[in-house]
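Trainee: Got a minute to go through a structure with me? I'd like to talk about rings and helices.

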Amino acid sequence: LAQVCLVFPLISVMADDWFGSQTEEVLTPFEAEHLIEELVPLKLEEIGTAKWLTQHEHLEKLNRQAHQQATDACDEFIVDHFNMTDKVSVVVFLLILIETWKEKIYPLVKHKICKMSSLRSYIPIYHEATCINLIEVLLFHRTSCETAGDALVDLVDYCYRKLTYLVNRPNSKLYTDNTDPKELLDLDEAQMLDNQYVDTEFQIAMCSISVLRFLVDHRAALPVTITSRLLETHDILLTLVPLMEKAPWVRRNRKGFVEKFEEHKWVEVTEDDMAQLPKMQIQVWLSIYGLIMAPECRARYEMTSFRKGNLLKLKRYLNDIVFDQLPPLTELLRSLEELSIQGQLTQNEAAPTPIMVELVAEVREALMAAHRDEWESIAQRQLETVFVKESPEELTRLAQMVTLPPMEDPTCGNCGAAAEMRCSQCQNEWYCSRECQVKHWKRHKPFCDVVSGNA
């Protein structure tokens, strides 16, 4: 049951409202500067070691406090220290490193780590979420984009891979529906870990949408190769438009109610908020707007019939409800109307020179080249030296790394009112009165029997 309960809080560890609930700063400016200066690129073989866990712990603390400072609109010394020490590129390196490990090594060691404690098996998976979430708050500032340097090429490629994952995978396969406790109890360790992996990947992909939006916002201050990477190498608009059509940030739950993915968790939408655009959809709109409306992007984006057809699909989603919430999109609609009539976007700048030095994704390519044909041997060494029996001290340390959400006041399982009594058999469900407990018993009984061992 402890493993089942872990599915819910750990997956949503990045939620901003959790950071906002912590009123005291964990780190002083001097402590934060020391932790940031200690961040270093690690080797692929070091993932899961004590050295790697220490660095993960430091990233967790820095990530939480950076979000806290952004939420409170106070002195963001975490971001400042990252920029002054040129460590933004290190976080990008660590992000690509753990992505590569999950792609190449994780499938070879999963059978072993899924039998270890939930914390030990989950932290390597959720480390990627910590890195991208920290990058998200850093790249909100243009200075961070500038100090990241050539690492942004790797980051653009990373965002493209995550958006492609969202577009190519059916929405129903992008996340799990963990609303039935009985189904969760029937899962074995490997299935439980697979569910956590899928849900974490979805949250990572959602963060990547925000990171891409910030890269587009600050594009003019970045090397021209970033624009070229977005529009020519990846043709990111051919991914953003299908993503807008697919809308993976909206779903219907098992009860038939509409839910939106807001603040890193699924939230049921009330009737009054039904017309409110999801935040992820707004991020995609702003990315599309920035790429289509910027004159230098228009000059670089050669319009073909296929690209034209892709962009014109956006017209059906531009209406008064959208304009009320994002007024600049009226200009986008006007440009799309011109495109449908003229076949080209109006250009005020001359076409760019074809002579340009193109940067490559050094981190990803270097990792792949250095470890080609070594994945199985690396996995075997980690099984023998890293993912071994856990000590009580290690488990205690792992538990301290995980941020749990604040406990909410219990509500009645039947009517939703404030509750003070709980089921005496399973001790999990709460009720406001004996009458509500009796009414709810038929629905509660299957879960209650499983938890209490009477099934």
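Mentor: Let's go through the fold, then the rings, then the helix packing and some odd backbone spots.

Mentor: Keep in mind that this is a predicted model.

Trainee: Sure. How many helices and strands does the protein chain have?

Mentor: The protein chain has 23 helices and five strands. Of its 455 residues, buried ones make up 50%.

Trainee: And what share of the contacts with a separation of 6 or more comes from residues 24 or more positions apart?

Mentor: Those account for 75% of them.

Trainee: On to the rings. How many aromatic pairs are there?

Mentor: The structure holds 10 aromatic pairs. One of them is Tyr 106 with Tyr 197, a stacked pair with 5.1 Å centre to centre and 15° between the planes.

Trainee: Where in the chain do those two sit?

Mentor: Tyr 106 is in helix 7 (residues 106-113) and Tyr 197 is in helix 12 (residues 189-217), so the pair links distant parts of the chain, 91 residues apart.

Trainee: Is Tyr 106 buried or exposed?

Mentor: Buried, because its relative accessibility is 4% and the cut-off for buried is under 20%. Tyr 197 is partly exposed, with a relative accessible area of 22%.

Trainee: What about Phe 202 and Trp 266, how are their rings arranged?

Mentor: Their centres are 5.7 Å apart and the planes are at 10°, so that pair is stacked. It also links distant parts of the chain: Phe 202 belongs to helix 12 and Trp 266 to strand 3 (residues 265-268), 64 residues apart. Phe 202 is buried, with a relative accessible area of 1%.

Trainee: Back to Tyr 197. Which residues share a cluster with it?

Mentor: Ring pairs link Tyr 197 with Trp 101, Tyr 106 and Phe 387 into a cluster. Tyr 197 also has a charge over its ring: the charged end of Lys 102 sits 5.0 Å from the ring centre.

Trainee: Which residue has its charged end over the ring of Tyr 301?

Mentor: Arg 307 does, with its charged end 4.2 Å from the centre of the Tyr 301 ring.

Trainee: Switching to helix packing. At roughly what angle do helix 10 and helix 12 cross?

Mentor: At roughly 130°, and the axes of helix 10 (residues 151-168) and helix 12 come within 9 Å. The two helices are therefore oblique to each other, and the crossing is left-handed.

Trainee: Which residues meet there?

Mentor: From helix 10, they include Leu 152, Leu 155, Cys 159 and Leu 163. From helix 12, they include Phe 202, Ala 205, Ile 209 and Leu 212. You've met Phe 202 already, in the stacked pair with Trp 266.

Trainee: And helix 17 with helix 19, how do they cross?

Mentor: The axes of helix 17 (residues 305-312) and helix 19 (residues 329-342) come within 10 Å and cross at roughly 140°. That crossing is left-handed. Lys 308, Leu 311 and Leu 312 in helix 17 meet Leu 336, Leu 339 and Ser 340 in helix 19.

Trainee: Last topic, the backbone. What's unusual about Ala 73?

Mentor: Most residues other than glycine have a negative phi. Ala 73 has a positive phi of about 55° although it is not a glycine. You'll find Ala 73 in the loop between helix 4 (50-72) and helix 5 (77-84), and it counts as exposed at 68% relative accessibility.

Trainee: And what is the phi of Ala 247?

Mentor: It is positive, about 45°. Ala 247 lies in the loop between helix 14 (237-246) and strand 1 (250-252).

Terms used: Residues numbered from 1 in each chain as written. Predicted model: local features only at pLDDT ≥ 70, side-chain atom pairs only at ≥ 80, totals over all residues. Heavy atoms only, no water. Phe/Tyr/Trp six-rings, centres within 6.5 Å; stacked < 30°, edge-to-face > 60°. Helix = DSSP H or I, 4+ residues; strand = E, 2+ residues; numbered from the N terminus. Buried < 20%, exposed > 50% of the residue type's maximum accessible area, 1.4 Å probe, protein only. Lys NZ or Arg CZ within 6 Å of the ring centre and 35° of its normal. Axes fitted to C-alpha atoms, helices over the stretch in contact; angles between N-to-C directions. Left-handed = near helix turned anticlockwise from the far one by under 90°. Contact = heavy atoms within 4.5 Å. Parallel < 35°, antiparallel > 145°, perpendicular 65-115°, else oblique.
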